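Hi,

Here is the structure I promised to pass on. Have a look at it first, and then read my notes underneath.

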Amino acid sequence: MRVLGVDPGLTRCGVGVVEGVAGRPLRMLGVGVIRTGADLTIGDRLVLIERGIEEWLDAHRPEFVAVERVFSQHNVRTVMGTAQASAVAMLCAARRGLPVALHTPSEVKAAVTGSGRADKAQVGSMVTRLLRLDAPPKPADAADALALAICHIWRAPATNRLQQAVAAHRGTNSARTTNNPSAASTARPTSAARTTKGPIS
């Protein structure tokens with residue numbers, strides 16, 4: 001499984017590609033940051049982010065794209081910029097038909113470090129260890145992007161099993177209803193009877 005992790009941001013958008021499967025050693029294929037100048041318009045900055053992500057998609061051909069889920073912060077301006085960059089990443093993936101997974105910061109921290117409250121230094125340290133790197137990727141946005149990719153690789157098997165179980169359960173219920181049409185209507189006469197009663201005096 002090859003995953004492009006994207007840590008969205010207007011000034012620095014972290015990107016990292018990790019390949020591997022759960023339970024086996026992972027391999028980093030690339031890591032970096034897409035930068036945009038604060039003096040540019042929002043539109044121009046988003047175009048630069050789109051171009052950067054497209055270049056990473058072209059270069060590494062990932063099978064999945066993992067993006068950090070935007071969460072509420074006190075700084076509304078920061079949240080808006082993060083959400084806009086996140087939308088660009090999802091658009092680039094959707095345009096190519098690539099599945100997109102959204103992971104919250106706490107999910108990523110818990111998957112990589114074992115604690116949903118880990119700080120950036122702990123995340124960077126574990127990413128370095130898990131990918132057998134010489135030093136933590138910098139800036140922190142780059143390490144976070146790799147952590148997103150790692151999180152998705154490790155969580156994907158469980159998520160897929162859950163989705164398959166839900167789909168199978170729905171299929172079983174649908175088959176039961178189809179084979180026994182009267183089952184769906186057995187509970188309705190009671191409510192119908194209630195509606196035919198006269199007004200309450």
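Below are my notes on the overall chain, the first strands and two annotated residues.

A word on the basis: this is a predicted model, where local features need pLDDT of at least 70, side-chain atom pairs count only at pLDDT 80 or more, and totals for chains, interfaces and linings use all residues. Residues are numbered from 1 along each chain as its sequence is written, and side-chain values use heavy atoms, with hydrogens and water left out.

The whole chain

The protein chain has six helices and five strands, taken as DSSP runs numbered from the N terminus (helices are H or I with at least four residues, strands are E with at least two). Starting at the N terminus, the order is β-β-β-α-β-α-β-α-α-α-α. Of the 201 residues, 35% are buried; that means under 20% relative accessible area, with exposed being over 50% and partly exposed in between (1.4 Å probe, protein chains only). If you take contacts (heavy atoms within 4.5 Å) with a separation of 6 or more, 61% of them link residues 24 or more positions apart.

The first three strands

Strand 1 (residues 2-7) runs antiparallel to strand 2 over six bridges; two strands count as paired if DSSP finds at least two bridges between them. They make a hairpin, with four residues in between, and L4 has V17 in strand 2 as its bridge partner. Strand 2 also pairs with strand 3 (residues 27-35), again antiparallel, through eight bridges. There, V15 sits opposite G32. As for strand 2 itself (residues 12-19), six of its eight residues are buried.

The annotated pair

Which residues does UniProt mark as "binding site"? The unreviewed entry gives D7 and D141. They span 135 residues in sequence, yet their C-alpha atoms are no more than 6.1 Å apart, so they gather at one spot. Bear in mind that UniProt annotations may be inferred rather than shown by experiment, that feature names are shortened, and that positions follow the numbering used here.

D7 belongs to strand 1, and D141 to helix 5 (residues 140-179). D7 counts as buried because its relative accessibility is 6%; D141 is buried too, at 14%. Leaving out residues up to four places away in sequence, D7 touches several others, including R12, E68, D141 and L148. With the same kind of neighbours set aside, D141 contacts D7, R12 and G14. The side chains of D141 and R12 are joined by a polar contact of 2.8 Å, meaning N or O atoms within 3.5 Å, one able to donate a hydrogen and the other to accept it within protein, with residues adjacent in sequence counting only if both atoms are side-chain atoms.

Cheers
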